[in-house]
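Student: I would like a close look at the sheet in this protein and at what packs around it. Please take me through it in one connected answer.

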Amino acid sequence: MNENGELNILIVEDSEDDRDLLTEIMKRVHTPIARVEAHPDGGSALKAMESQPFDLIFLDYHLPDMNGMEVMPKAKEIQPDTEVVMITSQGNEELAVSAMKGGAFDYWVKGKFTKDALERTFNTLKTRLSLKQKIKTQQENLIIAERQRVMLESIGATCHHFSQPVTSLMGRLEILISRNPPLDDRDKELLRDCLKLSRRMGDLVQQFQNVREYRTVPYVEDYDILDIEGRPEKG
């Protein structure tokens, strides 16, 4: 689905009449369609998928070079997010069930292609694509949050290792400045400069400690999982 919400459709059907019928019905639906491409066999369809993105494939089970169950995994390998609607003949419900178990999004029976059925399929598809994008965004946000957490933990560990020697150094410098017999003015001035720099280092360590207290809150939203008919089921 492109940025305008338009779908890219691939029809894989060896019957010219059925290809023409599906293409004609698609012209009548309200769902915006960017492109419809039709192929008579699995090989040419798979080759087209290597160069063009598709959101949905209408895939006939009986093809001249290979059957739909052979084409589907190859198509998913090329474009994993592309959904498949398997087209079967009347009375092949067992094939339809196998297709669904094999990863098909839906199945259609030849002779029952209607505008309303196509509209429902497209609406369910668009909802599913939107859900997938939302999940992908949330996963990316979680990865970013985890990277930030690791970074902050590293900062905390570094601050811990720095703070002890810096504190010890400042204490020793103060002892040297106030020792008896007293140091000459030049040595005292050098030690005071060292103490000043050590305190600045201590302030920087404290600032990093403050940063460590920051906690990222990744954007995670509850979402609904859709069944094949588009009915929401709470996940």
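Tutor: What follows starts with the overall layout, goes on to the sheet, and ends with the cores and one helix residue.

The model is a predicted one. The protein has six helices and seven strands, and along the sequence these run in the pattern β-α-β-α-β-α-β-α-β-α-α-β-β. Of the contacts between residues at least 6 apart in sequence, 67% join residues at least 24 apart.

Five of the strands form an open sheet, in the order E2-E1-E3-E4-E5, with parallel pairing. The edges are taken by strand E2 (33-39) and strand E5 (106-109); each has a single partner strand, so one side of each is left without a neighbour in the sheet. From one strand to the next, the twist averages 20°. As a general point, strands of a sheet pair through backbone hydrogen bonds, either parallel or antiparallel. Within this sheet, E1 and E3 are joined in the parallel sense by four bridges. Val12 has Leu59 in E3 as its bridge partner.

Now the cores. The largest nonpolar core contains 19 residues, and Phe58 and Phe122 have the most contacts inside it. At least two residues of this core come from each of strand E1 (7-12), helix H1 (16-26), strand E3 (56-60), strand E4 (83-88) and helix H5 (115-177). H5 gives the largest share, five residues.

Phe122 shows what such a position touches. Leaving aside residues up to four places away in sequence, Phe122 is in contact with Leu7, Ile9, Met26, Val29, Thr31, Ile33, Leu56 and Phe58. Apart from this core lies another, of 18 residues, including Leu46, Leu59, Leu63 and Val84. Leu59, the bridge partner of Val12, is thus one of the residues of that other core.

Outside the sheet, helix H4 (residues 93-101) contains Val97. Val97 has a relative accessibility of 45% and therefore counts as partly exposed, since that class lies between the 20% limit for buried and the 50% limit for exposed. Val97 and Tyr107 are ten residues apart along the chain, and their C-alpha atoms are 8.6 Å apart.

For the protein as a whole, buried residues account for 34% of the 235 residues. The exposed area is about 14,600 Å², of which carbon and sulfur atoms supply 52%.

Notes:
Residues numbered from 1 in each chain as written. Predicted model: local features only at pLDDT ≥ 70, side-chain atom pairs only at ≥ 80, totals over all residues. Heavy atoms only, no water. Buried < 20%, exposed > 50% of the residue type's maximum accessible area, 1.4 Å probe, protein only. Contact = heavy atoms within 4.5 Å. Areas by Shrake-Rupley, 256 points an atom, 1.4 Å probe, with all protein chains shown as cover. Core = buried A, V, L, I, M, F, W, Y, C linked by side-chain atoms within 4.5 Å. Pairing = 2+ DSSP bridges. Axes fitted to C-alpha atoms, helices over the stretch in contact; angles between N-to-C directions.
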